[in-house]
Amino acid sequence: MSNNVLARMHQNVREAIAEAAVAAGLATREQLPPFVVEVPKDKAHGDLATNAAMQLTRIARRNPREIAQAIVDHLDYAKASVLSAEIAGPGFINFRLDKRALHAVIPEVLAMGDRYGSVDVGQGRSVQVEFVSANPTGSLHLGHARGAAVGDALCNLLEFAGYRVTREYYINDAGNQVVNLAKSIEARYRQALGLEAEMPEDGYYGEDIVEFARELAEREGDRLLRLPDDERLAYFREYGLTRELEKIRRDLERFRVRFDVWFSESSLFETGRVNAALEELKAKGHIYEKDGAVWLSTTPYGDDKDRVLIKSDGSYTYLTSDIAYHADKYARGYDLMINIWGADHHGYIPRIKAAMTALGHDPEKLNVLITQMVSLYQNGEKVRMSKRTGKAVTMEELMDEVGVDAIRYFFTMRSMDSHLDFDMDLAVSTSNDNPVYYVQYAHARICSIFRQAKEQGIELPPPDQTDLTPLATEQEYDLLRKMGELPGTVAEAAASFAPHHIIRYVYELAAQFHSYYRAERVLTDDAAQTLARLQLLAAVKTVVANCLRLVGVSAPEQM
């Protein structure tokens with residue numbers, strides 16, 4: 001945990017317990033066993049609790065309640081900001097802290113501003129996150145949108161936690177799907193010219209393909225039909241890829257998602273990296289031939305069966321270029337690599353890890369996270385098709401319908417490996433039942449209070465020049481404690497690759513604020529109390545904005 005106010009308070013109590021145990025003759029410094037200092041689940045048990053007495057029984061050779069009493073008798077209360085210590089149950093010690101120490105959270109938050117909550121658990125280590133990576137053969141859909149939301153939030157979170165992050169999109173621009181894209185555009189192009197043409201068996205029927213073909217027919221006439229077959233197909237391939245990628249980039253930019261690297265699958269073939277990976281696997285004895293195909297021995301590394309790399313017709317499987325791609329990632333020297341894949345890729349994980357192990361790479365450096373499916377609901381019913389096109393709902397349509405903030409919040413608020421039901425009516429509602437509205441409204445409400453303060457001529461001095469002692473209600477201490485928890489929450493969320501922890505945290509903070517707002521007036525007749533409460537709200541506003549920024553959601557000043 002970072003060295004913030006709350007962490008220091010916990011550390012001071014831990015240090016005081018250790019010193020008391022040594023002073024009571026229970027153990028030497030070197031003999032002290034590990035013990036826990038934590039926030040009790042029930043607030044009635046105090047602010048912190050420890051199991052130190054039970055942990056010391058083997059060394060002190062005394063009853064745990066006797067040990068607890070000896071610790072309590074020798075505790076430096078002032079140094080640890082402890083008001084009282086009580087022994088409970090078999091020997092737990094519950095501490096009640098001098099909550100005024102929490103006032104220091106406010107100047108810390110306001111001094112750090114948009115960096116408050118950041119930690120350095122990453123210590124500058126490099127991490128590459130590959131996400132979305134949709135085939136450039138059509139529009140991004142809901143699954144891609146969820147991958148984009150959680151992927152970008154995870155990147156923001158890792159950067160905030162001290163990692164150097166590279167965001168990467170892998171362009172699947174080799175293989176059959178791109179050939180089918182080219183053939184689909186050609187068929188639509190011929191149709192646009194008034195000619196008979198059948199769509200390929202695995203063709204793409206999207207409206208975008210029809211639009212591309214219409215543009216080409218208007219711009220080129222029938223000129224492309226006079227090109228040699230290979231040249232014509234290459235033209236349609238390049239045109240289709242360029243246009244599809246433009247659309248994907250445009251949608252992602254609107255969704256507030258950016259990438260540092262757009263990595264082309266076809267470049268792996270052009271630069272010989274696919275053949276190099278095959279040669280290396282062959283040299284290490286991991287490749288064999290059977291039934292006219294080339295196989296990779298993945299079962300020795302935990303896969304359920306060996307995998308084909310080159311089919312009997314001489315064509316490569318998807319796995320072959322994926323192996324070359326991941327070998328390239330390792331060669332770039334990242335400390336950590338994260339793939340965010342859709343639910344249909346779960347079975348693919350063991351074979352990629354097996355291939356990397358076979359190449360001599362550390363499979364633990366590669367983490368694959370799976371995002372589960374999204375179901376849309378409107379008017380209480382599951383939405384299966386787009387009203388506009390009669391086909392699957394696209395990310396673009398969803399952005400038009402409910403807006404980026406709602407999608408990013410809702411798509412990130414559950415663990416990515418759990419199925420998500422997205423209620424479109426709830427997402428656009430302006431009620432406290434809508435969680436994104438509820439959290440954003442906390443920020444906007446505080447901004448409104450500051451506008452009122454300004455109208456009344458109230459000037460807010462620097463927090464270290466403000467008397468914060470008027471902040472003494474239980475709800476005020478709850479807000480201070482909650483804000484103090486953010487660095488620890490960021491550290492835990494980053495360690496477990498779980499950006500949904502940030503949304504849960506900011507929702508709880510917003511709920512505490514709304515409850516406080518209903519219970520207390522901020523702009524009062526007591527000038528000192530007003531200034532102290534405004535400082536408190538300035539800190540809450542900063543923390544809410546920081547959390548929303550991490551998950552790619554705006555923090556409006558008016559709603």
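Select L376 and F422 to begin, since the tour opens on a strand pairing: L376 stands opposite F422 in β15. Helices and strands here are DSSP runs (H or I over at least four residues for helices, E over at least two for strands), numbered from the N terminus. The model is a predicted one, in which local features need pLDDT of at least 70 and side-chain atom pairs count only at pLDDT 80 or more, whereas totals for chains, interfaces and linings use all residues. Residues are numbered from 1 along each chain as its sequence is written, and side-chain values use heavy atoms, with hydrogens and water left out.

**The sheet around β13**

Keep β15 (residues 420-423) on screen and add β13 (residues 374-378). The two strands run parallel and are joined by four bridges; strands count as paired if DSSP finds at least two bridges between them. Another pair to label is S375, which stands opposite D421 in β15.

Next, show the side chains of β15, which alternate along the strand: L420 and F422 point to one face and are buried, while D421 and D423 point to the other face and are not. Buried means under 20% relative accessible area, exposed means over 50%, and partly exposed lies in between (1.4 Å probe, protein chains only).

Adding β14 completes an open sheet of three strands in the order β14-β13-β15, with mixed pairing. Its edge strands are β14 (381-383) and β15, each of which pairs on one side only. Neighbouring strands of this sheet are turned by 40 degrees against each other on average, direction ignored. Helix α15 (residues 404-412) packs on the sheet and touches β13 and β15, and its direction makes about 155 degrees with that of β15. Axes are lines fitted to C-alpha atoms, for helices over the stretch in contact, and angles run from 0 to 180 degrees between N-to-C directions.

**The nonpolar cores**

F422 also leads into the largest nonpolar core, which has 131 residues; those with the most contacts inside it are I71, F95, L158, L252, F411, F422 and M483. A nonpolar core is a set of buried Ala, Val, Leu, Ile, Met, Phe, Trp, Tyr and Cys residues joined through side-chain atoms within 4.5 Å. Centre the view on L158: leaving aside its neighbours within four places in sequence, L158 is in contact (heavy atoms within 4.5 Å) with V127, V129, Y163, V165, I338, A494 and F497. A second, separate core of 31 residues includes Y170, Y325, I349 and A358.

**Helices α6 and α19, and two loops**

Staying with L158, display helices α6 (residues 142-160) and α19, whose axes come within 9 Å and cross at roughly 125 degrees. That makes α6 oblique to α19, given that angles under 35 degrees count as roughly parallel, over 145 as roughly antiparallel, 65 to 115 as roughly perpendicular and the rest as oblique. The contact is made by L157, L158 and F160 of α6 together with V490, A493 and A494 of α19.

Move on to F497, in the loop between α19 (486-495) and α20 (500-519). Phi of F497 is near 50 degrees, a positive value in a residue other than glycine, and F497 is buried, with a relative accessible area of 15%. For a counterpart, select S81, in the loop between α4 (64-73) and β3 (82-88). Phi of S81 is near 55 degrees, again positive in a residue other than glycine, but S81 is partly exposed, with a relative accessible area of 24%.

**Helix α13 and the sheet β8-β9-β10**

Select α13 (residues 349-358) next: seven of its 10 residues are buried, so the helix is largely enclosed by the rest of the structure. The buried residues are I349, R351, I352, A354, A355, M356 and A358, and they pack against α11 (273-283), β9, β10, α12 (318-331), β11 (336-342) and β12 (366-371). After α13 comes G360, whose phi is positive, near 90 degrees.

From there, highlight the open sheet of three strands in the order β8-β9-β10, with antiparallel pairing. β8 (287-290) and β10 (307-310) stand at the edges with a single partner strand each, so one side of each is left without a neighbour in the sheet. The twist averages 45 degrees from one strand to the next. Strand β9 (residues 293-296) pairs with β10 over three bridges, and L296 stands opposite R307 in β10.

**Zooming out**

Finally, show the whole protein, which has 21 helices and 15 strands. Its C-alpha trace spans about 95 × 65 × 40 Å along the principal axes, and 53% of its 559 residues count as buried.
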